[in-house]
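Here is a small set of exercises to work through with the model open beside you. Try each task before you read its solution.

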Amino acid sequence: VRIKLPKNSFRRKITYLLTTSLVSSLICMGLGSVWFSINYYKESNRLNMEEKLQSVQATLSDFCKYAEQYNDINTPDLFQAMDKTANNTQVDINLYDPHGRLIRSTRPELFEKCILPSRMNSDAYYQMITENKRQVINNEKIGELSYYALYAPIFNNEGKLIAIANIPYFSK
């Protein structure tokens, strides 16, 4: 048996109010959960990128502390250290000279096949050299693939820029 309530009854108004409140609350909680999850993912991703960049920067800084210019670090020992660090951190490492030209990469085939240019990104270079930023995270593209490129300067003991480390970071 179906009970038919009058259109403007107090009972009907309360039912609509409770239903609307419940649906609104559920929608707000859902949107809040999505917002929280996205921000948590972005923050953990950023921390992971910074950790990998600091690890690479520390390793390369050890090789550069007594160098006078980037040619002094162009040695097999540095290349082995780059390969070892790349394997330990599960990232690719590119090393640029202070003018933005590629010195060495753990994935040279990307540059040999002209998939990536042998000069670093001009925006990142400007931020690194002109604005003296100690870390640059840049959004870059290869065709349709978008990824983060992390850049960090490598200095010698005297504070002179010897090289610029780059890590392409592909978030999953």
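Helices (H or I, at least four residues) and strands (E, at least two) are DSSP runs, numbered from the N terminus. The model is predicted: local features need pLDDT of at least 70, side-chain atom pairs count only at pLDDT 80 or more, and totals for chains, interfaces and linings use all residues. Residues are numbered from 1 along each chain as its sequence is written, and side-chain values use heavy atoms, with hydrogens and water left out.

**Exercise 1.** Locate Asn-71, and state its exposure and its C-alpha distance to Ile-162.

Solution. Step one: Asn-71 sits in the loop between α1 (10-64) and α2. Step two: apply the exposure classes, where buried means under 20% relative accessible area, exposed over 50%, and partly exposed in between (1.4 Å probe, protein chains only). Asn-71 has 44% relative accessibility, so this residue counts as partly exposed. Step three: the C-alpha atoms of Asn-71 and Ile-162 are separated by 8.8 Å, with their positions 91 residues apart along the chain.

**Exercise 2.** Which elements hold Arg-104 and Ile-164, and what does each residue touch?

Solution. Begin with Arg-104, which belongs to strand β2 (residues 102-105). Its relative accessibility is 16%, and therefore Arg-104 counts as buried. Contact means heavy atoms within 4.5 Å. Leaving aside neighbours within four places in sequence, Arg-104 is in contact with Phe-79, Met-82, Asp-83, Ile-93, Asn-94 and Leu-95. With Asp-83 there is also a side-chain polar contact of 3.2 Å. A polar contact is a pair of N or O atoms within 3.5 Å; within protein, one must be able to donate a hydrogen and the other to accept it, and residues adjacent in sequence count only if both atoms are side-chain atoms.

Now turn to Ile-164, placed in strand β5. This residue is buried because its relative accessible area is 0%. Not counting residues up to four places away in sequence, Ile-164 touches a list of residues including Asn-94, Leu-95, Tyr-125, Met-128 and Tyr-151. Ile-154 is ten residues away along the chain, and its C-alpha atom is separated from that of Ile-164 by 5.6 Å.

**Exercise 3.** Where do Gln-90 and Asn-132 lie, and what is the value of phi in each?

Solution. Gln-90 falls in the loop between α2 (76-89) and β1. Although Gln-90 is not a glycine, its phi is positive, at about 60 degrees. Its relative accessibility of 67% is why Gln-90 counts as exposed. Asn-132 lies in the loop between α4 (122-129) and β3. Asn-132 has a positive phi too, near 55 degrees, in a residue other than glycine. With a relative accessible area of 52%, Asn-132 is exposed.

**Exercise 4.** Is Cys-28 buried or exposed, is Cys-64 buried or exposed, and how many disulfides does the structure hold?

Solution. Cys-28 has 55% relative accessibility and so counts as exposed. Cys-64, at 1%, counts as buried. A disulfide is a pair of cysteine sulfur atoms within 2.5 Å, and the structure holds zero of them.

**Exercise 5.** Describe the lining of the largest pocket.

Solution. First, the term: on a 1 Å grid over the protein atoms alone, a pocket is an open set of points where a 1.4 Å probe fits, with protein on both sides within 12 Å along at least five of seven lines; lining residues have an atom within 4 Å of a point. Next, the residues: 16 line the largest pocket, and Leu-116, Pro-117, Glu-140, Tyr-147 and Tyr-151 lie nearest its centre. The elements giving two or more residues to this lining are β1 (94-96), β3 (136-142), β4 (145-155) and β5 (161-169). Finally, β4 supplies the largest share, three residues.
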